[in-house]
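User: I have a structure open and would like to go through its interior with you. Could we begin with one of the helices?
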Amino acid sequence: MVMKYRLKGEKMYKYLMFDLDGTLVESGEGIVASAKHALNKMGWKMLADNEFMKFIGPPLFDSFRDLCGMNPEEADRAIDIYREHYESAGYLLAPMYEGVEEMLRKLKDKGHTLMVVTSKPAPIAEKIIEKHGIDKYFVNLTGPTHEEKTVHKDVMIKRAFKKNGITDPKSAVMIGDRKFDIEAANKHGVDSIAVMYGYGNREEFEKYGATHIAEKCEDIVGLV
């Protein structure tokens, strides 16, 4: 896929929906540490290190069920242990990617409406963007509640549309780093920008039909 830039005067996206993990912050270390803590506390068999990286992106319930072979009750218990650890220490292990704040500033200055749309529980996600001081760039954040164990990204996009009064799917774009972002966007007829600096790869993005691919943060400014 060739990265496409919009021509001067061509209609831009008004609403920019940003994924959090792997798009705004490099959250892998904290996610993996909390997942390992949950398995260790439950006396569960540890996964290989490369398997733990698969926790980044999908809902936790799906990961504990599909990667670890847990039944629903065990997965719920693992999520509770994970979140207790993540909210006390794990979320601190999520540095912001280089160039993110400058990109957000430029996009806001250009008149775009920025929002965070994530599968991470909203209270935790809000703590992360506030910690980095980038909450000022977003009109709001859409994420599941603590009580919701498995909510996929397409549901979050639908909620973000309703929250922000978005009626035209083509006025919005989903910006993320995994197939989950692309699939969710496609389901709602929304374009997507897949970022290469996160946890996905070009093969994944092309397979699932990303509209654009951005190598660096600054490329996003030219794509919208």
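Analyst: Certainly; please note that this is a predicted model. In helix H6, which covers residues 122-131, the buried residues are Ala122, Ile124, Ala125, Ile128 and Ile129.

User: How do the buried residues of H6 fall when seen down the axis?
Analyst: They fall within an arc of 160°, so they line one face of the helix.

User: And what do the buried residues of H6 pack against?
Analyst: They pack against H4 and against strand E3, residues 140-142.

User: What happens just after H6?
Analyst: Glycine 133 is found there, and it takes a positive phi of about 70°.

User: Now H5, please. Which of its residues are buried?
Analyst: The buried residues of H5 are Val100, Met103, Leu104 and Leu107. Viewed down the helix axis, they lie within an arc of 95°, so they line one face of H5.

User: What covers them?
Analyst: The cover includes strand E1 (15-18), strand E2 (113-117) and helix H10 (217-223). Just after H5, glycine 111 has a positive phi of about 100°.

User: Let us turn to the core. How many residues does the largest nonpolar core have?
Analyst: It has 55 residues. Those with the most contacts inside this core are Phe18, Leu24, Phe64, Met103, Leu104, Phe138 and Ile220. H4 gives the most to the core, with 6 residues.

User: Which residues is leucine 104 in contact with, leaving aside neighbours within four places in sequence?
Analyst: With those neighbours set aside, leucine 104 is in contact with Phe18, Leu24, Leu114, Ile134, Tyr137 and Phe138.

User: What lies apart from the largest core?
Analyst: Another core lies apart from it, made of 15 residues. Among them are Tyr15, Val117, Met156 and Ala185.

User: Changing topic: how many aromatic pairs are there in the whole structure?
Analyst: A search of the whole structure finds 6 aromatic pairs. One of them joins phenylalanine 55 and phenylalanine 64 in an edge-to-face arrangement, with 5.1 Å centre to centre and 70° between the planes.

User: Are phenylalanine 55 and phenylalanine 64 buried or exposed?
Analyst: Phenylalanine 55 has a relative accessible area of 2%, so it is buried. Phenylalanine 64 is buried as well, at 0% relative accessibility.

User: Is there an example involving tyrosines, and what are its values?
Analyst: Tyrosine 97 and tyrosine 197 form an edge-to-face pair, at 4.9 Å centre to centre and with 65° between the planes. This pair links distant parts of the chain, 100 residues apart. Tyrosine 97 is in the loop between helix H4 (72-88) and helix H5 (100-109), while tyrosine 197 is in the loop between strand E5 (191-195) and helix H9 (202-208).

User: Why do tyrosine 97 and tyrosine 197 count as buried?
Analyst: Buried means under 20% relative accessible area. Tyrosine 97 is at 11%, so it counts as buried. Tyrosine 197 is at 18%, so it also counts as buried.

User: Which residues form an aromatic cluster?
Analyst: Phe52, Phe55, Phe64, Tyr82 and Tyr86 form one aromatic cluster.

User: What lies over the face of tyrosine 91?
Analyst: Lysine 127 does, at 4.3 Å from the ring centre.

User: Finally, where does aspartate 62 lie?
Analyst: Aspartate 62 lies in helix H3, residues 60-66. Its relative accessible area is 10%, so it is buried. Leaving aside neighbours within four places in sequence, aspartate 62 is in contact with Leu67, Thr150 and His152.

Note on methods
Residues numbered from 1 in each chain as written. Predicted model: local features only at pLDDT ≥ 70, side-chain atom pairs only at ≥ 80, totals over all residues. Heavy atoms only, no water. Helix = DSSP H or I, 4+ residues; strand = E, 2+ residues; numbered from the N terminus. Buried < 20%, exposed > 50% of the residue type's maximum accessible area, 1.4 Å probe, protein only. Contact = heavy atoms within 4.5 Å. Phe/Tyr/Trp six-rings, centres within 6.5 Å; stacked < 30°, edge-to-face > 60°. Lys NZ or Arg CZ within 6 Å of the ring centre and 35° of its normal. Arc of directions from axis to C-beta. Core = buried A, V, L, I, M, F, W, Y, C linked by side-chain atoms within 4.5 Å.
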